[in-house]
Amino acid sequence: MKKAKVTNNNPILIKGGMNMAGLIVKLLVCPIGVIVASWIFPNVYFEYWYQPIVLGVVLAFIGYFMEVLMLREDTNWLSTFMDFIASAVIVYFGAMLFFNAEVTFWGAVLTAALLAVTEIFQHNWLIRSGRARKEPVHE
């Protein structure tokens, strides 16, 4: 297990924190999830090919830092639920920043649900492989 020095009580630097494998997986899964959602849900529309990719990358980084801060064995479902809420909000409001992109509220909820299903598998993999923190944050 990697040991890192805790400075200024920064939870990202606490021993046992996630490594970069979680981020790499998210950088692949989140954009693909948003692209798939735009293909299968009629209320998720992106005008240009790069728009769901950019939104997926933003989701990946925010989701990664949420996992670093929250994901443990005893917070798996809470972390998945929080990922769902954050994904819905980010997809809904993030799509408003793109030209000719249109995502309804229910489209954002369905996209977040699709991403939450992928999060279940990612969280289980991170916890079982020891890449997620197994103890509460404290000194």
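**A walk through a four-helix chain**

Let's start at a loop: Asn-100 is partly exposed, with a relative accessible area of 41%. You'll find Asn-100 in the loop between helix 3 and strand 2. Its backbone stands out too, as Asn-100 has a positive phi of about 60° without being a glycine. Keep in mind that everything here comes from a predicted model.

Now step back to the whole chain. The protein chain has four helices and two strands, and from the N terminus on they come in the order α-β-α-α-β-α. Of its 139 residues, 42% are buried. How much of the contact map joins residues at least 24 apart, if you count contacts between residues at least 6 apart in sequence? The share is 74%. On the outside, the chain exposes about 8000 Å², and carbon and sulfur atoms supply 70% of that.

Helix 4 is a good place to look at the packing. It covers residues 105–128, 24 residues in all, and reaches 34 Å from first C-alpha to last, close to the 34 Å expected at 1.5 Å a residue. Its buried residues are Gly-107, Ala-108, Val-109, Thr-111, Ala-112, Leu-115, Ala-116, Glu-119, Gln-122, His-123, Leu-126 and Ile-127. If the steps between those numbers look familiar, there is a simple helix rule behind that: an α-helix has 3.6 residues a turn, so residues three or four places apart point the same way. Try it on Thr-111, Leu-115, Glu-119 and Gln-122, which are among the buried residues of helix 4. What covers them? The cover over the buried residues of helix 4 includes helix 1, strand 1 (44–45), helix 2, helix 3 and strand 2 (102–103).

One residue on helix 1 shows that packing from the other side. Val-29 sits in helix 1 and is partly exposed, at 24% relative accessible area; since buried means under 20%, Val-29 doesn't make that cut-off. Val-29 and Leu-115 are 86 residues apart along the chain, yet their C-alpha atoms are separated by 8.3 Å. Setting aside neighbours within four places in sequence, Val-29 is in contact with Thr-118 and Gln-122.

Next comes helix 2, with 21 residues and a reach of 30 Å between its end C-alpha atoms, close to the 30 Å expected. Its buried residues are a mixed bunch, including Gln-51, Pro-52, Leu-55, Gly-56, Leu-59, Tyr-64, Met-66 and Glu-67. Helix 1, helix 3 and helix 4 are among the elements that cover them. Ile-53, also in helix 2, is partly exposed at 30% relative accessibility. Ile-53 and Val-34 are 19 residues apart in sequence and 7.3 Å apart in space, C-alpha to C-alpha. Leaving out neighbours within four places in sequence, Ile-53 is in contact with Pro-31 and Ile-35.

Helix 3 fits the same length check: its 20 residues should span 28 Å at 1.5 Å a residue, and its end C-alpha atoms are 28 Å apart, which agrees. Its buried residues include Asn-76, Ser-79, Thr-80, Asp-83, Ala-86, Ser-87, Ile-90 and Val-91. Helix 2, strand 2 and helix 4 are part of their cover.

Inside the chain there is a gap to look at. How many cavities of 30 Å³ or more are there? The count comes to one, and the volume of the largest cavity is about 70 Å³. It is lined by Lys-26, Cys-30, Leu-59, Ile-62, Gly-63, Met-66, Asp-83, Ala-86, Ser-87, Ile-90 and Glu-119. The elements giving two or more residues to that lining are helix 1 (20–40), helix 2 (50–70) and helix 3 (76–95). By class, the lining has six nonpolar, two polar and three charged residues. Some of these names have come up already: Asp-83 is buried in helix 3, and Glu-119 is buried in helix 4.

We can finish at the far end. Just after helix 4, Gly-130 takes a positive phi of about 80°. Gly-130 is partly exposed, with a relative accessible area of 36%. Along the chain Gly-130 and Glu-73 are 57 residues apart, while their C-alpha atoms are separated by 10.0 Å.

Terms used: Residues numbered from 1 in each chain as written. Predicted model: local features only at pLDDT ≥ 70, side-chain atom pairs only at ≥ 80, totals over all residues. Heavy atoms only, no water. 1 Å grid on protein atoms, 1.4 Å probe; cavity = no way out; pocket = protein on both sides within 12 Å on 5 of 7 lines; lining within 4 Å. Points joined across faces, edges and corners; volume = space filled by probe spheres on them. Nonpolar A, V, L, I, M, F, W, Y, C, P; charged D, E, K, R; others polar. Buried < 20%, exposed > 50% of the residue type's maximum accessible area, 1.4 Å probe, protein only. Contact = heavy atoms within 4.5 Å. Areas by Shrake-Rupley, 256 points an atom, 1.4 Å probe, with all protein chains shown as cover. Expected span 1.5 Å × (residues − 1).
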